[in-house]
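The following note sets out points for discussion on the model below. It deals in turn with charged pairs, open and enclosed space, the surface, and the backbone.

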Amino acid sequence: MSQRIVKNYVNGRWISPKHNGTLPVTNPSTGEILADTPISTKEEVQRAIESANQAFPLWSRTPAPNRVEPLFKLAALLKENEEKITRVLVAEMGKSLPDARAEIKRTVQNVEVACGIPNLQMGEKLLNSAPNVDGEVLRLPIGVFAMIAPFNFPAMVPFWFLPYAIATGNTFILKPSERVPLTMEIITQYIDQIGLPPGVFNVVNGDRTVSETLLDSPQIQGISFVGSSNVAKIVAKKCVETGKRFQALGSAKNHLVVMPDAKMDHVIRNMITSCYGCAGQRCMASSVIVCVGDVTYQSVIEKYVSASKNAIVADPLDPKVANEPIVIGPVISAEAKERIEQMIEEGINEGAKLVIDGRGYEVAGSENGNFVGPTVFIDVKPGMKIHSDEIFGPVVVIMKVDSLDEAITIINQHQYGNGASIYTQDGFAARKFKLETKAGMIGINIGIPAPVAYLPFGGMRGSIFSDIKAQGKSIIRFYTEEKIITERFWD
Ligand code: NAD
């Protein structure tokens with residue numbers, strides 16, 4: 001247990017919450033306990049809900065340009081303090097410094113997009129929609145919204161929602177992942193300085209019990225969830241039962257298709273980044289390589305395996321590796337490491353050929369870290385568990401198919417459809433892939449097709465259980481209710 005229990009931020013103040021126990025926040029590279037997450041009680045969650053509810057009437061009537069003023073300040077503060085936030089993020093989550101910096105940049109980009117709300121939220125008017133009758137569409141804020149976050153992007157994922165919810169005139173409660181509350185803690189220190197009225201933004205720490213209180217509350221109008229598909233389904237079901245709006249983004253298993261004409265040297269570098277960045281714990285990480293034709297298959301195996309053997313596995317805060325573009329850091333917990341190693345065992349039992357084994361990986365000087373080395377299976381068949389399940393670690397499976405059609409069929413029959421990419425110089429193949437592949441985010445010679453903040457983010461099929469995706473313009477529909485006015489005045 002650490003000496004320090006993370007505080008909640010409610011009604012514009014830091015609060016030491018009453019709690020039903022605590023959970024350690026551990027540096028996954030070293031095993032050091034950094035702080036403890038309080039499992040806030042129901043009453044503490046209710047306190048945040050009340051404060052957000054009370055703040056709503058005035059905030060929702062505040063003019064849009066005034067609502068985004070604090071966000072301009074926030075963008076500036078986050079940029080100024082990028083390095084400080086980055087180091088907190090790396091210490092609790094374990095991704096590399098360049099990955100964490102990129103995450104903070106995308107976080108800021110979401111704030112900047114939300115600064116455009118006065119334009120994005122603007123309504124519509126049709127003069128003379130009938131003789132002397134005007135039609136008008138208003139986009140109105142709704143009330144209190146909450147967000148339940150995953151561990152792998154402690155800053156960026158909450159910011160797919162937070163700045164938009166606030167800028168559109170709603171009030172907001174964030175429940176960070178209990179495993180990584182410190183990044184939002186430092187970011188909230190900056191939010192505290194931007195002049196938001198008390199109660200507009202609140203943070204409540206805890207585990208699933210905190211989510212459950214948020215889900216049960218009739219005072220909460222909508223929930224955004226990002227995490228595993230099993231929980232996303234529970235959240236979606238609960239929101240339907242309680243009449244809430246919801247977004248529920250879930251798990252992934254992203255495929256990379258390599259065509260015979262692909263520019264192989266670029267492709268190998270790009271695939272290494274996609275599969276091993278963030279130790280394979282990105283929802284946009286790729287973990288299945290599908291090679292079209294035997295020559296492509298043999299060439300990818302030879303080059304990819306050799307590049308994997310050279311990948312650096314280390315504590316990302318070790319100054320010796322801090323500036324390396326690719327560092328495979330630890331996975332989030334000892335349990336995650338154990339689960340990943342069991343999946344590797346499962347792959348061997350299923351008959352796939354293990355050509356690099358990352359089990360039992362030790363990093364000198366970081367013996368208590370949760371490291372899994374790069375792991376590669378070949379001769380993998382669709383439907384094997386190592387292909388069908390999300391492993392969420394640096395484990396890659398390589399498959400061979402005879403045609404692009406066969407590759408697309410494998411992707412489309414998979415339970416998840418978050419992202420998928422093709423490597424080719426052939427425009428016809430690329431077009432066919434982007435039109436026929438049932439995944440929400442498609443890459444053409446891009447291994448991590450994660451859209452910028454101006455565009456929507458979200459998958460298809462088993463990777464999402466709602467209609468409206470995260471960030472960008474599309475989220476304005478989630479955070480506003482359209483009211484349609486038809487009016488006339490007699491002479
Ligand atoms: P998780 O589902 O275990 O937890 C996510 C959040 O839900 C946490 O805050 C947790 O406290 C809460 N939670 C857990 N059980 C709950 C329950 N029964 N009811 C209500 N809330 C509950 O996910 P994780 O391990 O933190 O994150 C990794 C997962 O997130 C992976 O599956 C990954 O693919 C997914 N992810 C998806 C996207 C996307 O855009 N689709 C983005 C990031 C992560």
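1. A salt bridge is taken here as a side-chain nitrogen of Lys or Arg within 4 Å of a carboxyl oxygen of Asp or Glu. The model is a predicted one, and a search of the whole structure finds 24 salt bridges. One of them joins the side chains of glutamate 112 and lysine 79, with an N to O distance of 2.9 Å. This pair links distant parts of the chain, since glutamate 112 belongs to helix α4 (residues 97-114) and lysine 79 to helix α2 (residues 64-80), 33 residues apart. Glutamate 112 has a relative accessible area of 33% and is partly exposed; lysine 79, at 48%, is also partly exposed.

2. A salt bridge within a single helix is found between glutamate 83 and arginine 87, whose closest N and O atoms are 3.4 Å apart. Both residues lie in helix α3 (residues 82-93), four residues apart, or about one turn of the helix. Partial exposure applies to glutamate 83, with a relative accessible area of 32%, and to arginine 87, with a relative accessibility of 39%.

3. Aspartate 216 and lysine 238 form a further salt bridge through their side chains, at 3.0 Å from N to O. Aspartate 216 lies in helix α9 and lysine 238 in helix α10, so the pair ties together parts that are 22 residues apart in sequence. Buried means under 20% relative accessible area and exposed over 50%; aspartate 216, at 44%, therefore counts as partly exposed, and so does lysine 238, at 26%. In addition, salt bridges that share partners join Glu83, Arg87 and Arg101 into one network.

4. Which elements give two or more residues to the lining of the largest pocket? The largest pocket has a volume of about 1200 Å³. Its lining comprises 50 residues, and those closest to the centre are Arg179, Phe225, Gly227, Ser228 and Val231. The elements that supply two or more lining residues are α9 (208-216), β10 (220-226), α10 (229-241) and α13 (334-350). Among these, α10 gives the most, with six residues. By class, the lining of this pocket has 23 nonpolar, 15 polar and 12 charged residues.

5. Enclosed space should be considered separately. Two cavities of 30 Å³ or more are counted in the model. The largest cavity has a volume of about 110 Å³. It is lined by 15 residues, and Ala252, Gly280, Ala285, Ser287 and Phe392 are those nearest its centre. The lining of the largest cavity divides by class into seven nonpolar, five polar and three charged residues.

6. Phenylalanine 392 merits a separate remark. This residue, one of those nearest the centre of the largest cavity, is located in the loop between α14 (385-388) and β18 (395-401). Is phenylalanine 392 buried or exposed? Its relative accessibility is 17%, and because buried means under 20% relative accessible area, phenylalanine 392 counts as buried. Its phi is near 60 degrees, a positive value in a residue other than glycine.

7. A positive phi is also found at asparagine 128, again a residue other than glycine, with a value near 50 degrees. Asparagine 128 is placed in strand β5 (residues 124-130).

8. The second largest cavity has a volume of about 50 Å³. Its lining includes Val6, Lys7, Tyr9 and Trp14, together with Pro176, Pro181, Met184 and Glu185. Thr188, Val203 and Asn205 are also among the lining residues. Helix α8 (residues 182-191) gives the most to this lining, with three residues. By class, the lining of the second largest cavity has seven nonpolar, two polar and two charged residues.

9. On the surface, Val452, Tyr454 and Leu455 make a nonpolar patch of about 280 Å². Valine 452 is in the loop between β21 (441-444) and β22 (460-461). A residue must have over 30% relative accessible area to be part of a patch; valine 452, with 32%, is partly exposed.

Conventions:
Residues are numbered from 1 along each chain as its sequence is written. This is a predicted model: local features need pLDDT of at least 70, side-chain atom pairs count only at pLDDT 80 or more; totals for chains, interfaces and linings use all residues. Side-chain values use heavy atoms; hydrogens and water are left out. On a 1 Å grid over the protein atoms alone, a cavity is a set of points where a 1.4 Å probe fits but cannot get out, and a pocket is an open set with protein on both sides within 12 Å along at least five of seven lines; lining residues have an atom within 4 Å of a point. Grid points are joined across faces, edges and corners, and a volume is the space filled by probe spheres set on the points. Ala, Val, Leu, Ile, Met, Phe, Trp, Tyr, Cys and Pro count as nonpolar, Asp, Glu, Lys and Arg as charged, and the others, Gly among them, as polar. Patches are made of residues with over 30% relative accessible area and no salt bridge: like charges are joined within 9 Å, nonpolar side chains (Val, Leu, Ile, Met, Phe, Trp, Tyr) within 5 Å. Accessible areas come from the Shrake-Rupley method with a 1.4 Å probe; for residues, only the protein chains shown count as cover. Buried means under 20% relative accessible area, exposed over 50%, partly exposed in between (1.4 Å probe, protein chains only).
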